[in-house]
Amino acid sequence: MGSLFRSETMCLAQLFLQSGTAYECLSALGERGLVQFRDLNQNVSSFQRKFVGEVKRCEELERILVYLVQEINRADIPLPEGETSPPAPPLKQVLEMQEQLQKLEVELREVTKNKEKLRKNLLELIEYTHMLRVTKTFVKRNVEFEPTYEEFPPLENDSLLDYSCMQRLGAKLGFVSGLIHQGKVEAFEKMLWRVCKGYTIVTYAELDESLEDPETGEVIKWYVFLISFWGEQIGHKVKKICDCYHCHVYPYPHTAEEREEIQEGLNTRIQDLYTVLHKTEDYLRQVLCKAAESVYTRVVQVKKMKAIYHMLNMCSIDVTNKCLIAEVWCPEADLHELRRALEEGSVSCLAPQPGIKKRE
(Lines give C-alpha, C1' and ligand atoms only; values in the text may rest on other atoms or scores of the structure.)
Protein backbone atom coordinates (compact mmCIF):
# COMPACT_ATOMS: atom_id res chain seq x y z
CA MET A 1 0.00 0.00 0.00
CA GLY A 2 2.96 2.31 0.50
CA SER A 3 3.54 2.75 -3.24
CA LEU A 4 0.14 4.40 -3.57
CA PHE A 5 1.12 7.28 -1.30
CA ARG A 6 4.82 7.87 -1.90
CA SER A 7 7.16 7.76 -4.90
CA GLU A 8 9.24 4.72 -5.69
CA THR A 9 12.95 4.50 -5.07
CA MET A 10 14.77 5.76 -8.16
CA CYS A 11 18.28 5.16 -9.37
CA LEU A 12 20.52 6.82 -11.94
CA ALA A 13 21.92 4.32 -14.42
CA GLN A 14 24.37 4.48 -17.28
CA LEU A 15 23.64 2.62 -20.51
CA PHE A 16 26.47 1.58 -22.82
CA LEU A 17 24.94 1.06 -26.25
CA GLN A 18 26.64 -0.23 -29.37
CA SER A 19 26.20 2.22 -32.27
CA GLY A 20 24.59 -0.46 -34.42
CA THR A 21 22.02 -1.47 -31.80
CA ALA A 22 21.28 1.86 -30.10
CA TYR A 23 18.20 2.54 -32.24
CA GLU A 24 16.60 -0.85 -31.55
CA CYS A 25 17.45 -0.72 -27.84
CA LEU A 26 15.85 2.70 -27.39
CA SER A 27 12.83 1.55 -29.38
CA ALA A 28 12.35 -1.34 -26.95
CA LEU A 29 12.79 1.01 -23.97
CA GLY A 30 10.28 3.45 -25.42
CA GLU A 31 7.62 0.78 -25.78
CA ARG A 32 7.89 0.02 -22.05
CA GLY A 33 8.18 3.61 -20.84
CA LEU A 34 10.57 2.68 -18.03
CA VAL A 35 13.18 5.43 -18.03
CA GLN A 36 13.72 9.16 -18.32
CA PHE A 37 16.83 10.30 -20.19
CA ARG A 38 19.24 12.97 -19.07
CA ASP A 39 20.67 15.30 -21.67
CA LEU A 40 24.44 14.82 -21.68
CA ASN A 41 24.88 17.37 -24.51
CA GLN A 42 23.34 20.46 -22.96
CA ASN A 43 26.16 22.66 -24.23
CA VAL A 44 25.84 21.38 -27.79
CA SER A 45 23.52 23.11 -30.25
CA SER A 46 20.68 21.02 -31.62
CA PHE A 47 22.09 21.57 -35.12
CA GLN A 48 25.49 20.13 -34.15
CA ARG A 49 24.38 16.85 -32.63
CA LYS A 50 25.13 13.50 -34.21
CA PHE A 51 21.65 12.49 -35.35
CA VAL A 52 20.39 15.85 -36.61
CA GLY A 53 20.22 14.47 -40.17
CA GLU A 54 17.98 11.61 -39.06
CA VAL A 55 15.70 14.05 -37.21
CA LYS A 56 15.37 16.16 -40.37
CA ARG A 57 14.52 13.03 -42.34
CA CYS A 58 11.74 12.26 -39.86
CA GLU A 59 10.44 15.81 -40.18
CA GLU A 60 10.34 15.40 -43.96
CA LEU A 61 8.35 12.20 -43.57
CA GLU A 62 5.98 14.00 -41.20
CA ARG A 63 5.46 16.70 -43.83
CA ILE A 64 4.58 14.09 -46.45
CA LEU A 65 2.17 12.35 -44.07
CA VAL A 66 0.46 15.64 -43.20
CA TYR A 67 -0.06 16.25 -46.92
CA LEU A 68 -1.48 12.75 -47.39
CA VAL A 69 -3.89 13.16 -44.48
CA GLN A 70 -5.07 16.51 -45.86
CA GLU A 71 -5.77 15.02 -49.29
CA ILE A 72 -7.53 12.00 -47.78
CA ASN A 73 -9.75 14.22 -45.63
CA ARG A 74 -10.48 16.48 -48.61
CA ALA A 75 -11.70 13.42 -50.52
CA ASP A 76 -13.95 12.40 -47.56
CA ILE A 77 -12.22 9.05 -47.24
CA PRO A 78 -12.38 7.50 -43.73
CA LEU A 79 -9.06 6.96 -41.98
CA PRO A 80 -8.84 3.50 -40.35
CA GLU A 81 -6.80 3.58 -37.16
CA GLY A 82 -5.23 0.15 -37.59
CA GLU A 83 -2.99 -0.91 -34.73
CA THR A 84 -3.40 1.06 -31.53
CA SER A 85 0.31 1.73 -31.11
CA PRO A 86 2.60 0.14 -33.72
CA PRO A 87 6.32 0.07 -32.80
CA ALA A 88 8.94 2.18 -34.54
CA PRO A 89 10.02 0.67 -37.87
CA PRO A 90 13.31 -1.26 -37.98
CA LEU A 91 16.21 0.60 -39.55
CA LYS A 92 16.26 -1.73 -42.55
CA GLN A 93 12.67 -0.70 -43.36
CA VAL A 94 13.11 3.06 -42.90
CA LEU A 95 14.63 3.73 -46.33
CA GLU A 96 11.98 1.57 -48.01
CA MET A 97 9.21 3.47 -46.20
CA GLN A 98 10.78 6.79 -47.14
CA GLU A 99 10.96 5.84 -50.83
CA GLN A 100 7.35 4.67 -50.82
CA LEU A 101 6.07 7.87 -49.21
CA GLN A 102 8.10 10.12 -51.52
CA LYS A 103 6.93 8.23 -54.59
CA LEU A 104 3.32 8.43 -53.40
CA GLU A 105 3.61 12.18 -52.79
CA VAL A 106 5.01 12.81 -56.27
CA GLU A 107 2.24 10.75 -57.87
CA LEU A 108 -0.51 12.46 -55.87
CA ARG A 109 0.78 15.94 -56.65
CA GLU A 110 1.02 15.13 -60.35
CA VAL A 111 -2.49 13.65 -60.52
CA THR A 112 -3.92 16.51 -58.44
CA LYS A 113 -2.21 19.07 -60.67
CA ASN A 114 -3.64 17.43 -63.79
CA LYS A 115 -7.07 17.30 -62.19
CA GLU A 116 -7.00 21.01 -61.32
CA LYS A 117 -5.81 21.85 -64.83
CA LEU A 118 -8.66 19.85 -66.38
CA ARG A 119 -11.15 21.41 -64.02
CA LYS A 120 -9.92 24.92 -64.82
CA ASN A 121 -10.16 24.27 -68.57
CA LEU A 122 -13.68 22.89 -68.12
CA LEU A 123 -14.84 25.96 -66.18
CA GLU A 124 -13.36 28.28 -68.80
CA LEU A 125 -15.19 26.45 -71.60
CA ILE A 126 -18.45 26.63 -69.64
CA GLU A 127 -17.94 30.36 -69.18
CA TYR A 128 -17.31 30.72 -72.92
CA THR A 129 -20.58 28.96 -73.75
CA HIS A 130 -22.51 31.28 -71.43
CA MET A 131 -20.81 34.29 -72.97
CA LEU A 132 -21.75 33.18 -76.52
CA ARG A 133 -25.34 32.54 -75.47
CA VAL A 134 -25.80 35.95 -73.85
CA THR A 135 -23.90 38.11 -76.35
CA LYS A 136 -25.91 36.62 -79.19
CA THR A 137 -28.73 38.99 -78.27
CA PHE A 138 -26.52 42.06 -77.78
CA VAL A 139 -25.71 43.03 -81.34
CA LYS A 140 -27.61 42.07 -84.49
CA ARG A 141 -25.85 43.23 -87.60
CA ASN A 142 -27.24 42.77 -91.08
CA VAL A 143 -24.28 44.35 -92.86
CA GLU A 144 -20.67 43.21 -92.55
CA PHE A 145 -18.33 46.19 -92.18
CA GLU A 146 -15.19 46.44 -94.23
CA PRO A 147 -12.02 45.74 -92.21
CA THR A 148 -10.42 49.09 -93.11
CA TYR A 149 -9.14 51.73 -90.75
CA GLU A 150 -9.57 55.47 -91.25
CA GLU A 151 -9.10 58.45 -89.01
CA PHE A 152 -12.19 59.52 -87.12
CA PRO A 153 -13.91 62.44 -88.78
CA PRO A 154 -14.96 65.33 -86.53
CA LEU A 155 -18.20 64.49 -84.77
CA GLU A 156 -20.71 67.19 -84.10
CA ASN A 157 -24.22 65.83 -84.22
CA ASP A 158 -23.58 62.06 -84.50
CA SER A 159 -23.99 60.07 -81.31
CA LEU A 160 -21.30 57.54 -80.40
CA LEU A 161 -23.86 55.40 -78.64
CA ASP A 162 -25.61 54.37 -81.86
CA TYR A 163 -24.42 51.44 -83.96
CA SER A 164 -25.68 53.11 -87.13
CA CYS A 165 -23.06 55.79 -86.52
CA MET A 166 -20.29 53.24 -86.98
CA GLN A 167 -20.99 52.92 -90.68
CA ARG A 168 -20.75 56.68 -91.11
CA LEU A 169 -17.48 56.83 -89.16
CA GLY A 170 -15.82 54.33 -91.48
CA ALA A 171 -13.41 53.27 -88.71
CA LYS A 172 -12.37 49.75 -87.87
CA LEU A 173 -14.88 48.22 -85.48
CA GLY A 174 -13.63 45.81 -82.83
CA PHE A 175 -15.20 43.78 -80.06
CA VAL A 176 -14.01 42.57 -76.66
CA SER A 177 -16.28 40.19 -74.78
CA GLY A 178 -16.06 38.24 -71.57
CA LEU A 179 -17.19 37.99 -67.96
CA ILE A 180 -16.58 40.27 -65.00
CA HIS A 181 -17.26 39.97 -61.28
CA GLN A 182 -20.56 41.46 -60.20
CA GLY A 183 -18.96 43.90 -57.75
CA LYS A 184 -16.59 45.40 -60.35
CA VAL A 185 -19.12 46.38 -63.01
CA GLU A 186 -19.67 49.99 -61.98
CA ALA A 187 -15.99 50.84 -61.54
CA PHE A 188 -15.16 49.02 -64.78
CA GLU A 189 -17.65 51.06 -66.76
CA LYS A 190 -16.41 54.36 -65.29
CA MET A 191 -12.80 53.51 -66.11
CA LEU A 192 -13.71 52.68 -69.72
CA TRP A 193 -15.52 55.99 -70.09
CA ARG A 194 -12.64 58.05 -68.65
CA VAL A 195 -9.84 56.34 -70.56
CA CYS A 196 -11.54 55.76 -73.91
CA LYS A 197 -13.23 59.17 -74.09
CA GLY A 198 -16.55 57.72 -75.12
CA TYR A 199 -15.24 55.73 -78.09
CA THR A 200 -16.73 52.52 -76.69
CA ILE A 201 -20.17 51.00 -76.31
CA VAL A 202 -20.54 48.70 -73.32
CA THR A 203 -23.41 46.25 -72.95
CA TYR A 204 -24.00 44.14 -69.83
CA ALA A 205 -26.23 41.26 -68.85
CA GLU A 206 -26.25 39.33 -65.57
CA LEU A 207 -25.99 35.55 -65.78
CA ASP A 208 -28.96 33.65 -64.42
CA GLU A 209 -26.76 31.23 -62.48
CA SER A 210 -23.62 31.60 -60.39
CA LEU A 211 -20.44 30.10 -61.79
CA GLU A 212 -17.29 28.88 -60.11
CA ASP A 213 -14.21 31.02 -60.61
CA PRO A 214 -11.53 28.91 -62.39
CA GLU A 215 -8.76 30.70 -60.46
CA THR A 216 -10.11 30.76 -56.89
CA GLY A 217 -12.83 28.08 -56.96
CA GLU A 218 -15.32 30.53 -55.41
CA VAL A 219 -18.90 30.43 -56.67
CA ILE A 220 -19.90 34.01 -57.51
CA LYS A 221 -22.24 36.06 -59.68
CA TRP A 222 -20.93 37.11 -63.08
CA TYR A 223 -21.87 39.73 -65.66
CA VAL A 224 -21.36 39.13 -69.37
CA PHE A 225 -20.12 42.22 -71.19
CA LEU A 226 -19.59 43.18 -74.81
CA ILE A 227 -17.44 46.21 -75.59
CA SER A 228 -17.52 47.74 -79.07
CA PHE A 229 -14.66 50.12 -79.85
CA TRP A 230 -13.24 52.10 -82.73
CA GLY A 231 -9.58 51.94 -83.67
CA GLU A 232 -6.61 49.84 -82.64
CA GLN A 233 -5.35 52.25 -79.97
CA ILE A 234 -8.70 52.22 -78.20
CA GLY A 235 -8.70 48.43 -78.46
CA HIS A 236 -5.33 48.20 -76.68
CA LYS A 237 -6.62 50.43 -73.88
CA VAL A 238 -9.78 48.33 -73.50
CA LYS A 239 -7.77 45.11 -73.22
CA LYS A 240 -5.46 46.62 -70.59
CA ILE A 241 -8.45 47.76 -68.53
CA CYS A 242 -9.93 44.25 -68.77
CA ASP A 243 -6.66 42.82 -67.46
CA CYS A 244 -6.58 45.29 -64.56
CA TYR A 245 -10.09 44.28 -63.47
CA HIS A 246 -9.32 40.55 -63.86
CA CYS A 247 -11.98 40.03 -66.50
CA HIS A 248 -12.25 36.66 -68.21
CA VAL A 249 -11.97 37.67 -71.86
CA TYR A 250 -12.95 35.27 -74.67
CA PRO A 251 -12.82 35.63 -78.48
CA TYR A 252 -15.94 37.14 -79.98
CA PRO A 253 -17.28 35.57 -83.22
CA HIS A 254 -18.00 38.08 -85.99
CA THR A 255 -20.55 36.01 -87.92
CA ALA A 256 -23.43 33.70 -87.05
CA GLU A 257 -21.71 30.81 -88.83
CA GLU A 258 -18.55 31.29 -86.80
CA ARG A 259 -20.61 31.44 -83.62
CA GLU A 260 -22.34 28.13 -84.39
CA GLU A 261 -19.04 26.46 -85.28
CA ILE A 262 -17.42 27.61 -82.02
CA GLN A 263 -20.45 26.50 -80.00
CA GLU A 264 -20.37 22.99 -81.49
CA GLY A 265 -16.64 22.69 -80.83
CA LEU A 266 -17.11 23.83 -77.23
CA ASN A 267 -19.84 21.27 -76.58
CA THR A 268 -17.63 18.46 -77.87
CA ARG A 269 -14.64 19.57 -75.80
CA ILE A 270 -16.78 19.93 -72.68
CA GLN A 271 -18.06 16.37 -73.00
CA ASP A 272 -14.52 15.05 -73.52
CA LEU A 273 -13.25 16.98 -70.50
CA TYR A 274 -16.06 15.63 -68.32
CA THR A 275 -15.06 12.09 -69.28
CA VAL A 276 -11.34 12.60 -68.66
CA LEU A 277 -12.00 14.47 -65.41
CA HIS A 278 -14.19 11.67 -64.03
CA LYS A 279 -11.54 9.06 -64.85
CA THR A 280 -8.85 11.21 -63.21
CA GLU A 281 -10.96 11.64 -60.07
CA ASP A 282 -11.62 7.89 -59.89
CA TYR A 283 -7.92 7.10 -60.17
CA LEU A 284 -7.05 9.73 -57.55
CA ARG A 285 -9.59 8.29 -55.16
CA GLN A 286 -8.17 4.78 -55.65
CA VAL A 287 -4.67 6.03 -54.79
CA LEU A 288 -5.94 7.87 -51.70
CA CYS A 289 -7.94 4.85 -50.51
CA LYS A 290 -4.82 2.71 -50.80
CA ALA A 291 -2.79 5.29 -48.87
CA ALA A 292 -5.48 5.60 -46.17
CA GLU A 293 -5.02 1.96 -45.22
CA SER A 294 -1.55 2.54 -43.75
CA VAL A 295 -1.30 6.28 -43.13
CA TYR A 296 -2.28 6.05 -39.45
CA THR A 297 0.38 3.40 -38.79
CA ARG A 298 2.97 5.47 -40.66
CA VAL A 299 2.18 8.59 -38.62
CA VAL A 300 2.67 6.75 -35.31
CA GLN A 301 5.85 5.03 -36.52
CA VAL A 302 7.45 8.27 -37.70
CA LYS A 303 6.65 10.00 -34.41
CA LYS A 304 8.29 7.19 -32.46
CA MET A 305 11.27 7.14 -34.78
CA LYS A 306 11.74 10.88 -34.34
CA ALA A 307 11.52 10.51 -30.55
CA ILE A 308 14.21 7.80 -30.64
CA TYR A 309 16.62 10.06 -32.50
CA HIS A 310 15.89 12.89 -30.06
CA MET A 311 16.91 10.55 -27.22
CA LEU A 312 20.02 9.44 -29.11
CA ASN A 313 21.01 13.09 -29.43
CA MET A 314 21.05 13.25 -25.61
CA CYS A 315 23.70 10.52 -25.44
CA SER A 316 27.42 11.14 -25.34
CA ILE A 317 29.66 9.44 -27.88
CA ASP A 318 32.60 7.30 -26.83
CA VAL A 319 34.81 7.48 -29.89
CA THR A 320 37.32 4.95 -28.57
CA ASN A 321 34.85 2.17 -27.87
CA LYS A 322 32.47 3.17 -30.70
CA CYS A 323 29.46 3.20 -28.42
CA LEU A 324 26.91 5.62 -27.02
CA ILE A 325 26.62 6.40 -23.32
CA ALA A 326 23.24 7.38 -21.92
CA GLU A 327 22.18 8.31 -18.41
CA VAL A 328 18.63 7.49 -17.34
CA TRP A 329 16.49 7.67 -14.24
CA CYS A 330 14.70 4.40 -13.56
CA PRO A 331 12.78 2.86 -10.63
CA GLU A 332 14.98 0.30 -8.90
CA ALA A 333 12.16 -2.23 -9.08
CA ASP A 334 12.20 -2.00 -12.90
CA LEU A 335 15.92 -2.55 -13.45
CA HIS A 336 15.32 -6.14 -14.55
CA GLU A 337 12.74 -4.92 -17.09
CA LEU A 338 15.30 -2.39 -18.29
CA ARG A 339 17.85 -5.14 -18.87
CA ARG A 340 15.29 -7.30 -20.64
CA ALA A 341 14.35 -4.46 -23.00
CA LEU A 342 17.99 -3.85 -23.90
CA GLU A 343 18.51 -7.55 -24.50
CA GLU A 344 15.54 -7.69 -26.85
CA GLY A 345 16.87 -4.73 -28.80
CA SER A 346 20.33 -6.25 -29.16
CA VAL A 347 18.99 -9.72 -30.04
CA SER A 348 16.98 -8.28 -32.93
CA CYS A 349 20.27 -7.06 -34.41
CA LEU A 350 22.30 -10.15 -33.42
CA ALA A 351 24.75 -7.88 -31.55
CA PRO A 352 26.46 -8.13 -28.15
CA GLN A 353 24.26 -7.19 -25.24
CA PRO A 354 24.61 -3.58 -24.03
CA GLY A 355 25.90 -2.84 -20.55
CA ILE A 356 24.17 -1.23 -17.60
CA LYS A 357 25.99 0.47 -14.76
CA LYS A 358 24.15 1.69 -11.69
CA ARG A 359 25.56 5.00 -10.49
CA GLU A 360 25.73 5.67 -6.80
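# A walk through the predicted model

The buried residues of helix α1 are A22, Y23, E24, C25, L26, S27, A28 and L29. Helix α1 spans residues 22-32, and with 8 of its 11 residues buried it is mostly covered. Just after α1 comes G33, with a positive phi of about 65°. These values, like those that follow, are computed from a predicted model.

The chain as a whole has 360 residues, of which 40% count as buried. Its secondary structure comes to 9 helices and 11 strands. Among contacts with a separation of 6 or more, 83% are between residues 24 or more positions apart. The regions described below give several instances of contacts between parts of the chain that are separated in sequence.

One of these regions is the loop between α2 and α3, where P89 is found. P89 counts as buried because its relative accessibility is 2%, and the limit for that class is under 20%. Leaving out residues up to four places away in sequence, P89 touches Y23, V94, M97, Q301 and M305. Y23 is one of the buried residues of α1. P89 is also 9.0 Å from R298, C-alpha to C-alpha, although 209 residues separate the two in sequence.

The two helices on either side of that loop can be taken together. Helix α2 covers residues 52-74 and helix α3 residues 91-135; their axes come within 10 Å and cross at roughly 40°. The two helices are therefore oblique to each other. The crossing in which α2 passes α3 is left-handed. On the α2 side, the contact is made by R57, L61, R63, I64, L65, Y67, L68 and E71. On the α3 side, the residues are V94, L95, M97, Q98, L101, Q102, L104, E105, L108, R109 and T112. By class, this contact has 11 nonpolar, 3 polar and 5 charged residues. V94 and M97 of α3 take part in this contact, and both are also touched by P89.

What does T280 contact, leaving aside its neighbours within four places in sequence? T280 has its place in helix α7, residues 256-292, and its contacts are V111, K115 and L118. T280 is buried, as its relative accessible area is 16%.

The next region is a sheet. Its 4 strands form an open sheet in the order β4-β7-β3-β8, with antiparallel pairing. β4 and β8 (248-250) stand at the edges, each with a single partner strand, so one side of each has no neighbour in the sheet. On average, neighbouring strands are turned by 25° against each other, direction ignored.

Two helices pack against these strands. Helix α6 (residues 232-244) packs on the sheet and touches β3, β4, β7 and β8; its direction makes about 160° with that of β7. Helix α5 (residues 185-196) lies across β3, β4 and β7, and runs at about 170° to β4.

Within the sheet, β7 pairs with two strands. Strand β3 (residues 173-181) joins β7 in the antiparallel sense over 9 bridges, and W222 in β7 is the bridge partner of H181. Strand β4 (residues 200-206) is joined to β7 by 7 bridges, again antiparallel, with A205 opposite V224 in β7.

How many of the residues of strand β7 (residues 222-230) are buried? The strand is mostly covered, with 9 of its 9 residues buried. In a regular strand the side chains alternate between the two faces of the sheet. In β7, W222, V224, L226, S228 and W230 point one way, while Y223, F225, I227 and F229 point the other way, and all are buried.

The last residue to look at is S177, which has its place in strand β3. S177 counts as buried because its relative accessibility is 0%. Apart from neighbours within four places in sequence, S177 is in contact with M131, F225, L226, H248, V249, Y250, P251 and Y252. Some of these contacts can be placed in the elements already described. F225 and L226 belong to β7, where they point opposite ways. H248, V249 and Y250 fall in β8 (248-250), one of the edge strands. M131 falls in helix α3 (residues 91-135), the helix that α2 passes in a left-handed crossing.

How values were computed. Residues numbered from 1 in each chain as written. Predicted model: local features only at pLDDT ≥ 70, side-chain atom pairs only at ≥ 80, totals over all residues. Heavy atoms only, no water. Axes fitted to C-alpha atoms, helices over the stretch in contact; angles between N-to-C directions. Parallel < 35°, antiparallel > 145°, perpendicular 65-115°, else oblique. Left-handed = near helix turned anticlockwise from the far one by under 90°. Contact = heavy atoms within 4.5 Å. Nonpolar A, V, L, I, M, F, W, Y, C, P; charged D, E, K, R; others polar. Buried < 20%, exposed > 50% of the residue type's maximum accessible area, 1.4 Å probe, protein only. Pairing = 2+ DSSP bridges.
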